[in-house]
Amino acid sequence: MDDAAPGPIYRADPPGGLVLAPLDAFTAVYHRRSGMTHLLTEPAPQILAILGEAGLSLGALLDRLADDYDLADATASALAARLDELVAAGLVATS
Amino acid sequence: MRRLVTGIPHTLGTDARLLARALADPGRVMALDAEGWTSLLTIARAEQLIGTLALRLDGLPLPRAVEAILGDARAAAEQGRRAALWEAEMARRALAPLGCPVVLLKGTAYAAAGLLAGQGRSIGDLDILVPRAALDRVEAAVLGAGWEWVKPDPYDDAYYRRWMHELPPLIHRERDRMIDVHHTILPLTARVTPDPAPLIADSVPLGNGLRTLSPNGMIVHAAAHLFADGDLAGGLRNLWDIRCLVEEFGTEGLAEEAARHGLRLPVARALRLVDGLFAGGRLAGSDRLYVRRLTARDGWGRPTRPATRLAFYVRSHALRMPPAMLARHLWTKWRKA
Amino acid sequence: MSDDTRPDTDPIETTPSRRRVLTLGAVGAAAVVSIRPALAQTAGSVLNCDIPVPDAGRAGSFIDAQGKIVPSGTKGAFAGASRPFKGEEVRRVLNSGGQLPGTDSERSRAYVNYIRRLQRGQGGFTCFASLQMPRG
Amino acid sequence: MRHAFALRIGPIGFRIGSDWRAPIDQLRSLYRDYPAPQDGVADYTVRLFARRPWRRWLRPSVEIGGDYMLPEAAPLPLRHGLLAAEMAMNLQMALGARRHLLLHASAVERDGRAVLMTGVSGAGKSTLATLLAARGWRFMGDEFALLDSATGLLHAFPRLISLKNAAIPAAEAAWPDARMGPLMAATPKGDIRHMVPDARAIAAMDRPATPALLLFPRYGDAAAVRQVPPAEAFVRMTQASTNYVALGEPGFTAMTRLIADVPAVAIDYPDGASGVAQVEALCAAL
């Protein structure tokens with residue numbers, strides 16, 4: 001996966017594909033398609049919420065997050081690391 | 001409570017025939033008493049067919065305890081199906097960049113295609129078939145996506161690569177699930193070596209980037225797997241697969257497809273055994289021995305008929321390898337055990 | 001980046017009232033933890049089990065200090081254990097230190113490293129997995 | 001099989017078959033007040049068998065089998081046959097249970113409200129449960145508790161209480177009237193003796209309770225209480241469940257509901273009496 005443009009499009013399951021249970025700093029997530037449970041800390045739930053509506057490139061996702069939140073560290077590398085985790089867990093797919 | 005065979009009506013049998021008949025003709029379970037039910041459920045678990053039985057009996061008026069046990073089995077089968085299809089999806093994601101066809105085999109294929117054979121079926125490892133030419137790239141891709149070798153053993157590894165029809169087994173380090181990557185459907189050591197190229201060429205797209213074998217390809221593979229790739233352990237489940245595939249797709253063109261791969265005899269035998277075990281057909285000659293082996297299980301779930309079992313075990317190894325290699329293989333395994 | 005559409009442009013507003021601060025996180029800090037199957041704490045009640053070192057399929061091989069299987073006779077590595085260890089013996093060492101019976105500390109460490117590296121499908125894995133439990 | 005016995009513990013029926021008479025006789029005696037499986041159909045079959053025919057008599061060695069088996073289970077000598085039977089029954093539950101979320105926890109109930117206690121072996125969950133039972137709580141089980149994902153109710157599983165080492169004389173002194181199994185010395189888990197739960201626990205075993213407190217006890221240190229944050233409680237309970245992952249969404253529903261509805265507390269306790277006092281104080285404050 002190459003971070004340089006154009007880069008992959010990241011997608012998450014639509015909202016019905018996840019069951020969320022906020023606990024404290026963590027949110028428990030049941031992923032219906034895999035039958036797996038994950039505990040997420042931010043920014044993972046926020047990323048999933050955005051990518052569940054529409055697939056986005058890394059840059060577009062960063063822009064979207066910056067629109068919705070005050071980003072403490074708006075770097076592509078930090079976001080790419082989060083996305084890699086979500087991809088490995090199967091919560092986000094690339095195309 | 002000395003012998004628990006007394007509660008089973010004679011028409012249902014006292015070995016795994018009890019299970020075969022319940023699967024084929026669910027209405028017959030209405031004759032079972034508590035001991036008969038206990039035997040049936042135990043045998044079904046031992047043969048890994050409890051989920052299948054649960055779906056076959058769904059909707060019948062059953063004793064409450066039985067309904068509860070089969071309800072659990074249905075839920076377990078559904079969760080197993082979900083996990084199996086997810087594993088296939090994760091393999092798809094890993095292999096998509098290669099652009100080569102990826103054909104699902106066995107249980108995962110039946111479930112993915114929504115076939116009768118997949119209903120309630122227990123599914124273990126993920127089995128996929130890929131073109132031999134793509135094998136090195138497939139190996140690299142799965143290793144890059146979190147799968148690892150199960151056994152870093154030089155003897156086993158060399159054995160697999162030289163003689164087997166698949167890569168040595170791989171397991172995913174996060175999900176703890178195994179994947180078997182096949183490049184043909186029988187070991188290269190077997191007396192018949194089916195040609196995988198037409199199997200892949202005739203495979204059917206599932207619409208999600210993965211494929212299954214053609215209907216006749218599935219039946220041929222299931223028969224090859226049943227007779228040549230094991231000692232008939234778990235054979236009842238494999239035979240039930242074949243019965244469902246035949247019911248769903250019929251047998252048109254099957255003999256030709258079987259002949260193309262040198263598997264005319266195993267496929268013909270599988271059809272006879274299906275008829276004998278699941279449709280009350282009369283069996284003759286060595287077919288009866290096969291049924292003796294396939295149904296060698298008592299109401300406590302114990303394997304029975306040790307001599308028959310041993311004979312099939314030796315036979316399975318003899319089929320897979322030339323005699324000298326068989327001796328070498330058994331010797332190496334024995335020395336290490 | 002998109003045009004500035006932020007509602008709060010006053011630089012003095014350091015704690016915006018309507019917008020949450022989100023930290024994408026330092027690279028390396030995990031935001032996803034997956035729940036894995038656990039035979040967990042039940043081990044003692046369900047299982048009296050053995051862990052061979054190494055497993056039968058690789059009997060005769062040596063174990064190096066990191067717990068890797070190496071050919072028999074490798075310098076600095078240890079021959080396998082003469083008998084399988086009981087689940088309880090391994091549990092004690094994992095939980096409270098000490099040595100596996102019949103070993104010195106280096107050999108014990110190598111064996112424990114081997115056991116920790118066990119994968120599903122290898123002899124002893126299920127037993128080892130059943131000993132895993134959260135501490136505290 | 002040659003010898004057999006069937007019984008029900010809470011909602012779960014078992015059928016145990018054995019190549020030897022002794023373990024079955026012991027089970028039959030200790031479980032004599034337990035009912036038969038519902039409709040006569042057991043949920044699980046357990047087999048105690050000799051791997052080779054001569055092992056029935058020559059240094060008899062009990063292999064553990066059944067509907068669900070683990071490949072590395074080691075056999076036990078015949079004098080530990082009752083332990084083998086109990087372990088095999090537990091194994092069926094750990095690997096096979098799908099009707100409930102199976103929690104590796106002890107549980108007691110009062111006024112329809114249950115305290116769940118879980119922790120590593122030696123944390124004292126079993127001891128605390130029996131001590132609380134002696135103070136009028138209803139004993140629901142010291143090994144497994146069964147959470148129903150549809151109702152959120154906790155079902156009892158009051159199998160024989162497995163006493164270990166020093167707990168054996170302590171229990172014998174505390175419950176002189178309790179019925180006990182044979183003392184099995186030097187098992188892989190130390191000395192083991194089984195105790196039959198009190199009559200009330202058996203009589204009430206079909207009555208579920210509402211979980212009210214989730215407790216992580218730890219024996220040995222000075223008394224202390226710590227609130228356990230929800231995420232930590234969630235992870236610890238998933239690791240204390242053998243079938244959380246296998247259950248899928250019902251497991252998630254049951255577990256998140258439990259964590260949301262029930263306070264989770266970790267306690268250190270220096271001795272049994274203090275532990276009991278701590279639990280009762282926590283319950284009084286709920």
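A salt bridge is a side-chain nitrogen of Lys or Arg within 4 Å of a carboxyl oxygen of Asp or Glu. In this predicted model, the side chains of A:Arg33 and B:Glu89 satisfy that criterion, with an N to O distance of 3.4 Å. This pair offers a point of entry to the interface of chain A and chain B, across which 1 salt bridge is found.

Polar contacts also cross the interface of chain A and chain B, where 3 residue pairs are found, both members being at pLDDT 80 or more. On the side of chain A that touches chain B, two or more residues come from each of strand S3 (27–31), helix H3 (76–88) and strand S7 (92–94) of chain A. By residue class, the side of chain A that touches chain B holds 7 nonpolar, 4 polar and 2 charged residues. Chain A brings 13 residues to the contact and chain B brings 8 residues.

The size of an interface is often given as the accessible area lost when the parts come together. For chain A and chain B the buried area is about 760 Å², and carbon and sulfur atoms give 52% of it. A:Arg33, already met in the salt bridge with B:Glu89, belongs with A:Ser34 and A:Gly90 to the trio that supplies 47% of the area chain A buries against chain B, more than any other three residues.

Chain A also meets chain C. Here 22 residues of chain C are in contact with 30 residues of chain A, and the two chains bury about 2,300 Å² between them, with 52% of that area on carbon and sulfur atoms. The interface of chain C and chain A has 1 salt bridge. Its partners are C:Arg20 and A:Glu42, whose closest N and O atoms are 2.4 Å apart. In addition, 12 residue pairs are in polar contact across the interface of chain C and chain A, both members at pLDDT 80 or more.

On the side of chain C that touches chain A, strand S1 (21–22) and strand S2 (32–34) of chain C each supply at least two residues. Of the elements of chain C, S2(C) gives the most to this side, with 3 residues. The side of chain C that touches chain A divides into 13 nonpolar, 6 polar and 3 charged residues.

Attention now turns to packing within single chains. Two packed helices are described by the angle between their axes and the distance between the axes. In chain B, helix H1 (residues 17–24) and helix H2 (residues 34–46) pack at about 90 degrees, their axes lying 9 Å apart. Angles of 65 to 115 degrees count as roughly perpendicular, and H1(B) and H2(B) are therefore roughly perpendicular to each other. H1(B) makes the contact through B:Leu18, B:Leu19 and B:Ala22, while H2(B) makes it through B:Gly36, B:Ser39, B:Leu40, B:Ile43 and B:Ala44. These residues divide into 6 nonpolar, 2 polar and no charged.

Chain D contains a second helix pair to consider. The axes of helix H3 (residues 125–134) of chain D and helix H9 (residues 272–284) of chain D come within 10 Å and cross at roughly 75 degrees. H3(D) and H9(D) are therefore roughly perpendicular to each other. From H3(D), D:Leu128, D:Leu131 and D:Leu132 meet D:Gly272, D:Gly275, D:Val276, D:Val279 and D:Glu280 of H9(D). The residues of the contact of H3(D) with H9(D) comprise 5 nonpolar, 2 polar and 1 charged.

Conventions. Residues numbered from 1 in each chain as written. Chains lettered and ligands numbered in written order. Predicted model: local features only at pLDDT ≥ 70, side-chain atom pairs only at ≥ 80, totals over all residues. Heavy atoms only, no water. Axes fitted to C-alpha atoms, helices over the stretch in contact; angles between N-to-C directions. Helix = DSSP H or I, 4+ residues; strand = E, 2+ residues; numbered from the N terminus. Parallel < 35°, antiparallel > 145°, perpendicular 65-115°, else oblique. Contact = heavy atoms within 4.5 Å. Nonpolar A, V, L, I, M, F, W, Y, C, P; charged D, E, K, R; others polar. Buried area = accessible area lost by both parts, 1.4 Å probe. Polar contact = N/O pair within 3.5 Å; in protein donor to acceptor, adjacent residues only side chain to side chain.
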